Every structure is written in C-alpha cells, then in structure tokens.
Amino acid sequence: ILKNQCNSCKGKGTIILKPCQSCKGNKTVLKDVSVNLKFPKGIKNGDSINLNQKGNYYVGGNYTTDLLITVHIEPHPIYTRVNNDLTMTLNITLVEALKGFTKTVKFIDDTDLEIVSTSILNPSSVMTLPNKGIKNGSLIIKFNIEFPTDLQEFKNQLL
C-alpha cells in the first residue's frame, strides 16, 4: 500500500477555499510587537523572564502561549559581578598609594562615585564600600599601582 499526501491540504485534512492575502491559508501571520519589560533588581545572566500569554497564538486550540525570555548580560568594561558584590580595579600611581588620593569614577548607574584613600596602599590592598553592590552587596576596589619610570620626577612628587 502506497500512501501519498494530498496536494490540496498537505495532510491537514482541510482546504481553505478563499485564503486571505496575509497568511496565504497558513492561519498564522508573523508580526513585530513591542513588549515592555521590567528587569528585577539582581537579575543574573541566564535567568529567565516569563511573560504570560505574550507568545504565539495557537489557532487549533484558540489560545496564546507564554513568551520566555532568557537574559544575557554583556560584561561591563569596568565592573564585574560576583554574587551581589561588584568588583573593579582602580589604577593609581605609587605616589597616590603612599600619600593617599581622592578620585572620582563613573559608577555602574552613570553617577559619579568619589573614592578616597588616606592610608598607605600596597598591591594587595582592597577597599570595600558596603551597600554599593547589587541588592545591598558591596563594591570591592582592587588597586593597580603604577610604578614611575622617571626617578627624579618621582622624588619631586613625594615632596
């Protein structure tokens, strides 16, 4: 026994006599829609957001599916997330490491953040700013101490 699929209905069991111009008888139309999203604080890379009944419309069952969005967070050029903490590396000169400094940097939310050091810092020093991370996490600042290339200029800066 040879089985052939019907050329008219393509095995669907029905024939649409007057197909509309939009779907050409397929019963579905692709269209772009805008969806407003609110990302919850603390969302992580790989987390998903489920939008109820914002997916495809299923004609046979006459219902709309859910739209599942998986979040991909691009790395920030300055800040790295570790759980609810943010980390960054701040470049400072050897003079700043020895004498202290005040620096202003752009924070992750584009506000100015003032960083002040009044103590001597070494290459393993870390500064922790509580409640500056995500969901009350901390901002952890590591220091990259740049050593001078001109000894005389360095001596002048120490005075």
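**Exercise 1. Find how β1 and strand β4 (residues 67-70) pair, and over how many bridges.**

Solution. β1 and β4 run in the antiparallel sense and share four bridges. Two strands count as paired if DSSP finds at least two bridges between them. Strands are DSSP runs (E, at least two residues) and helices are runs too (H or I, at least four), numbered from the N terminus. Next, take one position: isoleucine 49 stands opposite isoleucine 69 in β4.

The model is predicted: local features need pLDDT of at least 70, side-chain atom pairs count only at pLDDT 80 or more, and totals for chains, interfaces and linings use all residues. Residues are numbered from 1 along each chain as its sequence is written, and side-chain values use heavy atoms, leaving out hydrogens and water.

**Exercise 2. Sort the side chains of strand β1 (residues 48-51) by face.**

Solution. The side chains alternate. Ile49 and Leu51 point to one face and are buried (under 20% relative accessible area, 1.4 Å probe, protein chains only). Ser48 and Asn50 point to the other face and are not buried. For the protein chain, buried residues make up 23% of the 159 residues.

**Exercise 3. Place β1 and β4 in the order of elements along the protein chain.**

Solution. Start with the count: two helices and ten strands. Then read along the sequence: β-β-β-β-β-β-α-β-β-β-β-α.

**Exercise 4. Compare the radius of gyration of the protein chain with that of a compact globule.**

Solution. The globule rule is 2.2 Å times the number of residues to the power 0.38, and the radius is taken over C-alpha atoms. For 159 residues a compact globule would come near 15 Å, but the protein chain has 30 Å. Now check the box: the C-alpha atoms fill roughly 95 × 35 × 35 Å along the principal axes.

Note on methods. Buried means under 20% relative accessible area, exposed over 50%, partly exposed in between (1.4 Å probe, protein chains only).
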